[in-house]
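Subject: Structure handover and findings

Dear colleague,

Please find below the sequence and the structure I agreed to pass on to you. My findings follow directly after them.

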Amino acid sequence: IKYNKYLMADGRFPFTVNLSLGHSASGFSFLFILRNVKPSFFPSLEDPEKKHAFGAGYFVKNVGPIGMCFGASLVLSNMAYMYCSVAFLQLMKEANVMIVYTLSLAWGSEVFHGVRARILLCIFFSTSMAVEGEMAFSLKGFLVQGGSQFCECSKVVLQAALLCGAATNKIDPLSFSLFLQLATFFALCIVLVFAMTVAPFTETATLADYAAWWPHLLLNACIALGLNSSIAFFVSNTSGIAAILLGIVKDIVIVLIDVLISGTHMSIVQVIAFSMQSSLVFTYSMLKMFPETSEDSQSEISDKAGMDKATKDIQKAGS
């Protein structure tokens, strides 16, 4: 995150499409090499019964829209670094759980729960506090980051619907990541060509820019690749609770580093808002992990127990 912000500064490499394109290219290259070295890591592409289902039609229809959302989120998030601090953008990102929940309700993949909805409403208000408390507020940066978060959350909802779909067409995470990186690369290539031809007013990198900054770009791509790879292997080898806790710690560390090292100033309102966000996101995540502990689930269990008892009474009376 800090490296991306460093490169996006004026006078360095402020070309968000080119930077995002490099990230997707490095991600696809790594997964492509891994696919040839360790085919067993990609069971969906090795299973003869499933392999034929993941052809060009599957790629265009299912992975293509997710790749476009992912590409748009990368471009817009990198662009937001030009206008806002890392700490402020991280405070905004805490609202992603609320956006995902709302989109999931609209998609039909999530059922409304009163307790979770109230927690998400509190997250919304704490995020509003964080935005209101920003002393160097940029409307353009706020709108760009908001667009990035919407695209990212749309990608999450579509990805969940695809990965949790019918068992016959279910694809393993690494195979899906391989397809996704390729789809994102194609989408960003189209955007880059459009920016260079139809919209020449949009700044894109030249060969001279690449020649001047290629060591940084290579290192930045390696860092992005390491991040994505570590996340993939961590998720596949840990529990859900560990992932939740690490996510909370990650958010706190990102904000602290930006404040302590970069000298970003946070108001008292933002400190309070971020503390509320972290605790509320943790509470919401735990309710998702253990839904039986919420009031809604308890009432559903009680209703089911009452119906079962009534059924038994009717059967007993009939006998």
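Contact in this message means heavy atoms within 4.5 Å. With that meaning, and leaving out residues up to four places away in sequence, A183 touches F59, V63, G64 and G67. Please keep in mind throughout that the model is predicted.

Confidence

The average pLDDT of the protein is 77, and 79% of the residues score at least 70. Among the elements, helix α2 (residues 16-37) has the highest mean pLDDT, 87, and helix α14 (residues 295-318) the lowest, 45. Over residues 299-319 the pLDDT stays under 50, and for this stretch the model has 1 contact beyond four places in sequence.

Overall architecture

The protein has 14 helices and 0 strands. Of its 319 residues, 40% count as buried. When contacts between residues at least 6 apart in sequence are considered, 81% of them join residues at least 24 apart. The protein exposes about 17,300 Å², of which carbon and sulfur atoms supply 71%.

Buried positions in helices

A183, introduced above, is found in helix α10 (residues 173-197). A183 counts as buried because its relative accessibility is 6%, and the cut-off for buried is under 20%. The C-alpha atoms of A183 and I66 are 8.0 Å apart in space, although the two residues are 117 residues apart in sequence.

Is S104 buried or exposed? S104 has 8% relative accessibility and therefore counts as buried. S104 lies in helix α7, which covers residues 96-107. Not counting residues up to four places away in sequence, S104 touches S109, E110 and V157.

A loop residue and helix α13

G133 lies in the loop between α8 (114-132) and α9 (139-163). With a relative accessibility of 11%, G133 also counts as buried. Which residues does G133 contact, leaving aside its neighbours within four places in sequence? They are S267, V269 and Q270. M266 is 133 residues away from G133 along the chain, and the C-alpha atoms of these two residues are separated by 8.1 Å.

One of the contacts of G133, Q270, is among the buried residues of α13. The others in that helix are A273, F274, Q277, S278, L280, V281, Y284, S285 and L287. An α-helix has 3.6 residues a turn, so residues three or four places apart point the same way. Helix α13 has 22 residues and reaches 32 Å from its first C-alpha to its last, close to the 32 Å expected at 1.5 Å a residue.

A nonpolar surface patch

V249, I252, V253, L256, I257, L260 and I261 form a nonpolar patch on the surface. Together these residues have about 640 Å² of accessible area. One of them, I261, is found in the loop between α12 (240-260) and α13 (268-289). I261 counts as exposed because its relative accessibility is 68%, and the cut-off for exposed is over 50%.

Yours sincerely

Technical notes. Residues numbered from 1 in each chain as written. Predicted model: local features only at pLDDT ≥ 70, side-chain atom pairs only at ≥ 80, totals over all residues. Heavy atoms only, no water. Patch = residues over 30% accessible without salt bridge, like charges linked within 9 Å, V, L, I, M, F, W, Y side chains within 5 Å. Areas by Shrake-Rupley, 256 points an atom, 1.4 Å probe, with all protein chains shown as cover. Salt bridge = Lys/Arg side-chain N within 4 Å of Asp/Glu carboxyl O. Helix = DSSP H or I, 4+ residues; strand = E, 2+ residues; numbered from the N terminus. Buried < 20%, exposed > 50% of the residue type's maximum accessible area, 1.4 Å probe, protein only. pLDDT = per-residue confidence, 0-100. Expected span 1.5 Å × (residues − 1).
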